[in-house]
Amino acid sequence: MHDVFTVYTASQFCNVSSKTIINWIDAGHIKAYRTVGGHRRISRGDLEAFMLRQGIPIPRQTSDESRRKRILVVDDDPIIVESIVQALEEDAHDYEVVSAADGFEAGVQVTHFKPDLLILDIMMPDIKGYEVCRRIKSSPETRDIKIIVLSAYLDEEKFKRIKADGADVCFSKPLPLPQLLEEVAGQLGLTG
């Protein structure tokens, strides 16, 4: 069950095109906000209120098993974030994706968004990826979150340290997007 919809998920929920959702937002019919990465998001309450006003049928709730897998992308480089988020949103597995630009925002998103998987840059301005991994893996509420670490500066010592701190997989940047998508699906148990 979505509490927050992307344009795409809102379009699926309303059974209209993504462009229609964007037009409704731009016309002020649906309240939406933008993420730091510039992506539109719509709260469940706002979308359902709009649907009721317009007489659009609201789909019955589905079981939690069918819930889309949630992915949090954490990197202070907006170009890297945008390319990863776009690749994930266009992937056939239909992930729900949000991004964070620093460790503090990542902590907030982990609490509220409850991701199934985290794609994490190890070097951020405010808090290092090691600490983010340690905090996530040390909490009973978050320890099952899969963590894929990306770093431009990954030597053998850092690799061992980040694995010890809880990373499930570590890769050097730049990681080709097809390989990253394959790894994400594998970590989430969505492959063969």
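Here are some worked exercises on this structure, which is a predicted model.

**Exercise 1. Get a feel for the whole chain**

Task: Find out how many helices and strands the protein chain has, and work out how its radius of gyration relates to the globule rule.

Solution:
- Step 1. Start with the secondary structure: the protein chain has 8 helices and 8 strands.
- Step 2. Now take the radius of gyration, which is 18 Å, while the globule rule gives 16 Å for 192 residues. Those two values are close, so the chain is as compact as a globular protein of that length.
- Step 3. Add the extents: the C-alpha trace spans about 60 × 30 × 30 Å along its principal axes.

**Exercise 2. Inside, outside and charge**

Task: Describe how much of the chain is buried, what its accessible surface is like, and how its charged side chains are placed.

Solution:
- Step 1. Burial first: 45% of the 192 residues count as buried.
- Step 2. Next, the surface. About 10300 Å² is accessible, and carbon and sulfur atoms own 53% of that.
- Step 3. For charge, there are 24 positive and 30 negative side chains. The centres of these two sets lie 4 Å apart.
- Step 4. Finally, look at contacts with a separation of 6 or more: 60% of them come from residues 24 or more positions apart.

**Exercise 3. Follow Phe5**

Task: Locate Phe5, decide whether Phe5 is buried or exposed, and list what Phe5 is in contact with.

Solution:
- Step 1. Phe5 sits in strand S1, which covers residues 4-6.
- Step 2. The relative accessible area of Phe5 is 0%. Buried means under 20%, so Phe5 is buried.
- Step 3. Set aside the neighbours within four places in sequence, and Phe5 is in contact with Ala10, Phe13, Arg40, Arg41, Ile42, Ser43, Arg44 and Leu47.
- Step 4. For a residue elsewhere, try Ala152: its C-alpha atom is 32 Å from that of Phe5, and the two are 147 residues apart along the chain.

**Exercise 4. Sort the aromatic pairs**

Task: Count the aromatic pairs and say whether the rings of Trp24 and Phe50 are stacked, edge-to-face or tilted.

Solution:
- Step 1. The count comes to 2 aromatic pairs.
- Step 2. One of them joins Phe5 and Phe13, with 4.9 Å centre to centre and 45 degrees between the planes, a tilted pair. Phe13 has 12% relative accessibility, so Phe13 counts as buried.
- Step 3. Turn to Trp24 and Phe50, whose ring centres are 4.7 Å apart and whose planes are at 50 degrees. Stacked needs under 30 degrees and edge-to-face over 60, so this pair is tilted too.
- Step 4. Place the partners: Trp24 is in helix H2 (residues 18-26) and Phe50 in helix H3 (residues 44-54), so the pair links distant parts of the chain, 26 residues apart. Both Trp24 and Phe50 are buried.

**Exercise 5. Two residues with positive phi**

Task: Find where Asp94 and Lys114 lie, and sort each one as buried, partly exposed or exposed.

Solution:
- Step 1. Keep the background in mind: most residues other than glycine have a negative phi.
- Step 2. Asp94 has a phi near 55 degrees. The place of Asp94 is the loop between helix H4 (78-90) and strand S5 (96-100). With a relative accessible area of 22%, Asp94 is partly exposed.
- Step 3. Lys114 has a positive phi of about 50 degrees. Look for Lys114 in the loop between helix H5 (103-113) and strand S6 (117-121). The relative accessibility of Lys114 is 52%, so Lys114 counts as exposed.

**Exercise 6. Ile136 and Leu190**

Task: Compile a short profile of Ile136 and of Leu190.

Solution:
- Step 1. Ile136 belongs to helix H6 (residues 129-138), and at 6% relative accessibility Ile136 counts as buried.
- Step 2. Beyond four places in sequence, Ile136 touches Val110, Leu118, Thr142, Arg143, Ile145 and Ile147. From Ile136 to Ile147 the C-alpha separation is 9.1 Å.
- Step 3. Leu190 is in the segment after helix H8 (177-187). With a relative accessible area of 32%, Leu190 is partly exposed.
- Step 4. Apart from neighbours within four places in sequence, Leu190 is in contact with Lys69, His93, Tyr95 and Ala185. Leu190 and His93 are 97 residues apart in sequence, yet 8.0 Å apart from C-alpha to C-alpha.

Note on methods
Residues numbered from 1 in each chain as written. Predicted model: local features only at pLDDT ≥ 70, side-chain atom pairs only at ≥ 80, totals over all residues. Heavy atoms only, no water. Helix = DSSP H or I, 4+ residues; strand = E, 2+ residues; numbered from the N terminus. Rg over C-alpha atoms; globule rule 2.2 N^0.38 Å. Buried < 20%, exposed > 50% of the residue type's maximum accessible area, 1.4 Å probe, protein only. Contact = heavy atoms within 4.5 Å. Areas by Shrake-Rupley, 256 points an atom, 1.4 Å probe, with all protein chains shown as cover. Lys, Arg positive; Asp, Glu negative; His and termini not counted. Charge placed at Lys NZ, Arg CZ, Asp CG, Glu CD. Phe/Tyr/Trp six-rings, centres within 6.5 Å; stacked < 30°, edge-to-face > 60°.
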